[in-house]
Amino acid sequence: MAVSVFDLFSIGIGPSSSHTVGPMRAALTFAEGLRGDGLLDSVARVRVELFGSLGATGHGHGSDKAVLLGLEGERPEDVDTDSVARRVAGIRESGTLTVLGVRPVAFAEDRGGGDGDLVMHRRRALPLHPNGMVFRAWDPAGVELAERTYYSVGGGFVLTEDSAGGPVISADTTPVPFPFRTAAELLAHCERHDLTIAQVMLRNEMVWRTEAEVRAGLLRIWQVMRDSVARGCARDGVLPGGLKVPRRAKSLHAKLVAEDGVGDPLYVMDWVSLFALAVNEENASGGRIVTAPTNGAAGIIPAVLHYYTRFLPDPTDDGVLEFLLTAAAIGVVLKETGSISGAEVGCQGEVGSACAMAAAGLTAVLGGSVAQVENAAEIGLEHHLGLTCDPVGGLVQIPCIERNAVGSTKAINASRMALRGDGTHVVHLDKVIKTMRETGADMHTKYKETARGGLALNVIEC
């Protein structure tokens, strides 16, 4: 299956691509399936069960809200983020959910007995992936109309389950001129056809869209990234949830603006940290962000792109496009042969992947060779191997927000190390991705987005 740059960079809603964006898309898909099968007018009850990591940390990630809005017909890229709390409160107060905005049904969330219409199983999991969901619908006589199982596999991607019991996704069989799954295949195309990584990705993208459409779409993605930084730098207060984490981006922004940075060689890096903090505070508050490639790691690529456009000489829109296309190509390899799901492999698959993608993009716009780009991605990912996903309280706040700031500076460091070399290195990206996958398989479930181990456990105990 060919993966588009717009699959990896999609406009969505916080706080989680796998726990918020994915469930909303799954709920919408189920509701639209009822309509497509001519069953919508017969629906009297809908029931949703969330399993595994979704059940364990779904409340903190807004999975419950996402499911309700998705059933009502909302899309992550379009939903009015400022209206979410009011909309969800209205459903809960009235006890009525309107499927696709046209079919009202009684809807009562589970109160702990497991017999409600939205149930989160904290200790049960489906066999094929940690982020499993089962949707059912019945008619007024109690006859089941439909049952569907979905898996949210990271980055907002949702897979269905076929009749044989395996997870499948509707593959786009459109042939692309330069198919690749591994970094070795990607680099071979570049060498054989004398193309950059961005050019390979663009040629593939143009089987679906014109070059002008790709350009416009990516510049829109960049605008949403900039908007999320601007909003994050303008808002203060505390983040939602029980941790009462204060927003820091606004006060940090004010301090950096008041300073001139003279005599501080790392002043620019403080700005990079600010950009990442701003995005991830917006994400944690349920705001509009770009999955890049996930929500939990959404601040790294915008932060490094801001570094390019704000602090490096002669930035251009063409440079932004080259950055995003290069990063996306690395993201394709990560998704196809590794994982970008924290619930599957821990945070090495989220922050580690985003760091690798950002390091590659920056290296490309700074004139690095194809080998140097791959080296930068390898460095960025290698030094996140084994990173657990242990959100305190099940919220995408601690350690997630600061982790993006650190990942952003590591991406810049990885790029600089690669550019100081000639592209020759012992450990290649494909080997590191394989290691990430194997490490994730060995990692105990409690360290994979369940909030039942690591920092999540120790902070609560303190």
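"Buried" here means under 20% relative accessible area, and by that cut-off Ser63, Asp64, Ala66, Val67, Leu68, Leu69, Gly70 and Leu71 of helix 4 are buried. Keep in mind that this is a predicted model. Below is a quick tour of two covered helices, one helix pair, a lysine in helix 17 and a domain taken from a record.

**Helices 3 and 4**

- Helix 3 spans residues 52-61 and is mostly covered, with eight of its ten residues buried.
- The buried set in helix 3 runs through Gly52, Ser53, Leu54, Gly55, Ala56, Thr57 and Gly58, and also takes in His61.
- Those buried residues pack against quite a list of partners: helix 2 (17-36), helix 4 (63-71) and helix 13 (342-345), plus strand 2 (45-50), strand 5 (118-120) and strand 6 (132-138).
- Right after helix 3 comes Gly62, with a positive phi of about 75 degrees.
- Helix 4 is mostly covered too: eight of its nine residues are buried.
- Gly73 follows helix 4, and its phi is also positive, near 105 degrees.

**The annotated domain**

- An unreviewed UniProt entry puts the feature "domain: Serine dehydratase-like alpha subunit" at residues 193-456.
- In the model, that span is 62% helix and 2% strand, and the C-alpha atoms at its two ends sit 49 Å apart.

**Helix 10 against helix 16**

- For a pair of packed helices, the usual descriptors are the angle between the axes and the distance between them.
- Here the axes of helix 10 (residues 267-284) and helix 16 (residues 400-420) come within 8 Å and cross at roughly 140 degrees.
- That angle is why helix 10 counts as oblique to helix 16; the cut-off for roughly antiparallel is over 145 degrees.
- The crossing of helix 10 and helix 16 is right-handed.
- On the helix 10 side, the contact is made by Met269, Val272, Ser273, Ala276, Leu277, Asn280, Glu281 and Ala284.
- Helix 16 brings Ile401, Glu402, Asn404, Ala405, Ser408, Thr409 and Ile412 to that contact.
- Sorted by class, the contact of helix 10 with helix 16 has eight nonpolar, five polar and two charged residues.
- As background on spacing, an α-helix has 3.6 residues a turn, so residues three or four places apart point the same way.

**Lys434**

- Lys434 sits in helix 17 (residues 429-442).
- Is Lys434 buried or partly exposed? Lys434 counts as partly exposed because its relative accessibility is 46%.
- Lys434 and Leu334 are 100 residues apart in sequence, yet their C-alpha atoms are 9.5 Å apart in space.

How values were computed. Residues are numbered from 1 along each chain as its sequence is written. This is a predicted model: local features need pLDDT of at least 70, side-chain atom pairs count only at pLDDT 80 or more; totals for chains, interfaces and linings use all residues. Side-chain values use heavy atoms; hydrogens and water are left out. UniProt positions are given in the numbering used here, feature names are shortened, and annotations may be inferred rather than shown by experiment. Helices (H or I, at least four residues) and strands (E, at least two) are DSSP runs, numbered from the N terminus. Axes are lines fitted to C-alpha atoms, for helices over the stretch in contact, and angles run from 0 to 180 degrees between N-to-C directions. Angles under 35 degrees count as roughly parallel, over 145 as roughly antiparallel, 65 to 115 as roughly perpendicular and the rest as oblique. A crossing is left-handed if the near helix is turned anticlockwise from the far one by less than a right angle, and right-handed if clockwise. Contact means heavy atoms within 4.5 Å. Ala, Val, Leu, Ile, Met, Phe, Trp, Tyr, Cys and Pro count as nonpolar, Asp, Glu, Lys and Arg as charged, and the others, Gly among them, as polar. Buried means under 20% relative accessible area, exposed over 50%, partly exposed in between (1.4 Å probe, protein chains only).
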